[in-house]
Amino acid sequence: MDFFFNHPLGILILTVVKALALLVPLLIGVAYLTYAERKVLAAMQLRKGPNVVGPFGLFQPFADAIKMLMKETIVPTGANRLLFLFAPMLTFMLAMLAWAVIPVNDGWAIADINVGILYLFAISSLGVYGVIIAGWASNSKYAFLGALRSAAQMVSYEVSMGFVIVTVLLCVGSLNLTEIVRAQQNVWFVIPLFPMFVIFFISTLAETNRAPFDLPEGESELVAGFFVEYSSMSFALFFLGEYANMILMSALTTILFLGGWLPPIDIAPFNWVPGPVWFVLKICFCLFVFIWVRATFPRYRYDQLMRLGWKVFLPFSLAWLVLTAAVLKLTGWLPA
Amino acid sequence: MIAALAFYAFAAILIASAVMVVTARNPVHAVLFLILAFFNAAGLFLIAGAEFLAMILVIVYVGAVAVLFLFVVMMLDIDFAQLREGFQRYAPFGAVIGGILLIELFMAVTVWRFAPEAATLRLNPNPEGVTNAEALGRILYTDYIYLFQAAGLILLVAMIGAIVLTLRDRPGTRRQDIAAQVSRSGSVSVRRVPLGAGLKEIGIERPPSPEETAPKPIEHHHGGHH
């Protein structure tokens with residue numbers, strides 16, 4: 001057995017098995033997130049939501065998936081064929097790729113790398129390419145407008161997200177995701193850094209193109225934004241990618257602010273529950289807030305969106321970063 | 001062995017995509033090849049053990065700079081015939097610059113030598129027990145802090161210059177003044193009214209319509225509710 005785990009082939013097989021053990025539940029989670037979103041929105045709007053396919057409509061996601069697979073893939077004339085088909089794949093691939101470094105429990109990450117948080121930030125900053133390439137390759141004005149909006153929006157909100165992450169890193173003293181969670185053993189960062197938590201959460205809404213920042217797909221003016229021209233599986237990949245990104249951003253929020261796999265209080269009934277369960281529960285909480293926000297707030301106007309990003313979040317997060325650094329330095333709490 | 005294979009794969013794709021950046025006919029394809037080149041450079045950094053630099057390369061160049069490149073290139077309506085027009089005229093000039101760069105490159109390979117301190121550093125880029133980020137931080141923020149700050153100031157000046165040059169306050173544009181909206185009172189209020197009663201019956205008069213108050217010019221406040 002030892003020989004197997006030390007042989008390169010053994011390590012390869014083990015990594016593939018680990019990746020599958022993470023990705024299969026993730027994809028099922030994505031499928032049921034679409035169901036949960038429709039059910040929660042329905043409950044908030046006094047409707048029933050999907051309730052026909054299977055008990056309580058539980059098989060609805062699979063019915064949708066089969067329908068998507070059966071449809072014809074249409075590539076518009078004048079579209080750049082290669083890039084048109086590459087864009088949804090890129091979006092989906094990036095949404096999956098980021099999960100390699102997420103620690104589900106202490107030591108349960110496929111790759112526990114030193115610069116984990118930078119890796120996540122890098123992958124999430126690439127997400128904009130799927131959108132912008134799709135918009136350009138479609139050769140359609142609505143798609144292109146949606147892509148331009150999305151590019152501007154995602155680049156703007158990344159800046160304040162970066163400052164929030166730096167603030168958390170100041171309190172941790174490491175770029176490793178496992179270390180970030182371990183540093184929250186005594187108190188979750190959501191308590192001392194509450195304003196940064198709020199900024200981070202709102203920025204993740206903008207990063208994932210969710211309401212109230214869903215201008216890239218604003219259906220009342222751009223039909224469906226950057227993916228107007230997509231149909232069938234290429235559309236499904238965008239759809240899955242968007243929801244997988246939501247789960248990813250919730251996981252990131254959980255790791256940075258909500259103590260990852262740690263129980264709320266380290267006493268008897270709470271620390272009996274295994275870490276991954278806490279992790280999933282916290283992700284579910286964040287996802288519920290995502291949906292709740294969608295049901296509550298109207299879409300932002302474009303100039304308001306830019307104003308919020310550059311004139312409110314950026315100066316505030318920068319000021320809070322300086323404040324945090326000063327407090328840590330003066331009290332001597334700065335981690336070595 | 002695997003590292004060597006990965007190195008040659010990254011290096012080969014890097015050079016091939018760099019060639020494609022220069023030769024691609026479609027400028028959008030050129031930018032996409034540039035992005036591929038950045039990725040492979042990041043891969044080379046990873047093999048060299050510079051994980052921090054690899055990630056920063058992806059975040060800064062691929063995640064931000066190349067997005068803006070792509071953004072601009074996609075919006076340009078490039079006429080290739082027009083671009084070709086000046087080729088004859090500019091070719092000698094371009095050849096001279098290319099020649100100078102080639103000579104410099106040649107000299108860098110043959111004549112230029114590492115300082116002895118740098119040569120020892122190159123053998124051991126990561127000191128024992130220190131992560132990439134910390135090693136870089138020590139050099140940038142401890143050894144060369146003044147130079148680093150000076151570089152930052154130069155960038156700041158460049159940024160302010162760019163803003164000053166492009167920011168024009170054009171007359172006639174409408175802007176939202178949030179402070180004015182929030183501070184105004186009187187015209188907007190919430191009242192509880194009995195169901196089914198008309199506004200007139202319960203004594204609430206609507207604000208006068210603009211036509212009645214004319215000819216006084218109307219001040220525009222965007223986004224206000226009436």
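Buried area is the accessible area, taken with a 1.4 Å probe, that two parts lose on being put together, summed over both. By that reckoning, chain A and chain B bury about 2100 Å² between them. Carbon and sulfur atoms carry 79% of that area. Keep in mind that this is a predicted model.

Begin with the contact between the chains. On one side stand 26 residues of chain A, in contact with 24 residues of chain B. Three residues of chain A lead here: A:Leu118, A:Tyr129 and A:Trp136 supply 25% of the area that chain A buries against chain B, more than any other three residues. What about polar links? The rule finds zero salt bridges across the interface of chain A and chain B. Polar contact is found, however, in four residue pairs between the two chains, both residues at pLDDT 80 or more.

Which elements of chain A give two or more residues to the side that touches chain B? They are helix H5 (116–137), helix H6 (141–172) and helix H13 (302–331). H5(A) gives the most, with eleven residues. By residue class, this side of chain A divides into 18 nonpolar, four polar and four charged.

Now turn to chain A by itself. The domain assignment gives domain 1 (1–70) and domain 2 (72–331). Their centres, taken over C-alpha atoms, are separated by 19 Å. Contact between them involves 19 residues of domain 1 of chain A and 23 residues of domain 2 of chain A. The two domains bury about 1900 Å² between them, with 85% of it on carbon and sulfur atoms. On the domain 1 side, A:Leu33, A:Glu37 and A:Met68 supply 31% of the area buried against domain 2 of chain A, more than any other three residues.

Charge plays a part in this interface. Across the interface of domain 1 and domain 2 of chain A, the rule finds two salt bridges. Look also at A:Glu37, whose side chain meets that of A:Arg210 in a salt bridge, at 2.6 Å from N to O. Polar contact across the domain interface is found in three residue pairs, both residues at pLDDT 80 or more. Helix H2 (8–44) and helix H3 (60–70) of chain A each supply at least two residues of the domain 1 side that touches domain 2. H2(A) gives the most to that side, with 16 residues. The residues of this side divide into 14 nonpolar, three polar and two charged.

Finally, set the UniProt record against the model. For chain A, an unreviewed UniProt entry places the feature "transmembrane region" at residues 12–32, 82–104, 116–137, 157–175, 187–206, 277–297 and 309–328. Two of these spans can be followed in the model. Residues 12–32 of chain A are 100% helix and 0% strand, with end C-alpha atoms 30 Å apart. Residues 309–328 of chain A are also 100% helix and 0% strand, and here the end C-alpha atoms are 27 Å apart.

Chain B has its own record. UniProt, again in an unreviewed entry, places "transmembrane region" at residues 6–24, 31–50, 56–78, 90–115 and 144–167 of chain B. Over residues 31–50, chain B is 85% helix and 0% strand, and the end C-alpha atoms are 25 Å apart. Over residues 144–167, chain B is 92% helix and 0% strand, and the end C-alpha atoms lie 35 Å apart.

Methods:
Residues are numbered from 1 along each chain as its sequence is written. Chains are lettered from A and ligands numbered from 1 in the order in which they are written. This is a predicted model: local features need pLDDT of at least 70, side-chain atom pairs count only at pLDDT 80 or more; totals for chains, interfaces and linings use all residues. Side-chain values use heavy atoms; hydrogens and water are left out. Domain bounds come from an automatic or database domain assignment. Contact means heavy atoms within 4.5 Å. A salt bridge is a side-chain nitrogen of Lys or Arg within 4 Å of a carboxyl oxygen of Asp or Glu. A polar contact is a pair of N or O atoms within 3.5 Å; within protein, one must be able to donate a hydrogen and the other to accept it, and residues adjacent in sequence count only if both atoms are side-chain atoms. Helices (H or I, at least four residues) and strands (E, at least two) are DSSP runs, numbered from the N terminus. Ala, Val, Leu, Ile, Met, Phe, Trp, Tyr, Cys and Pro count as nonpolar, Asp, Glu, Lys and Arg as charged, and the others, Gly among them, as polar. UniProt positions are given in the numbering used here, feature names are shortened, and annotations may be inferred rather than shown by experiment.
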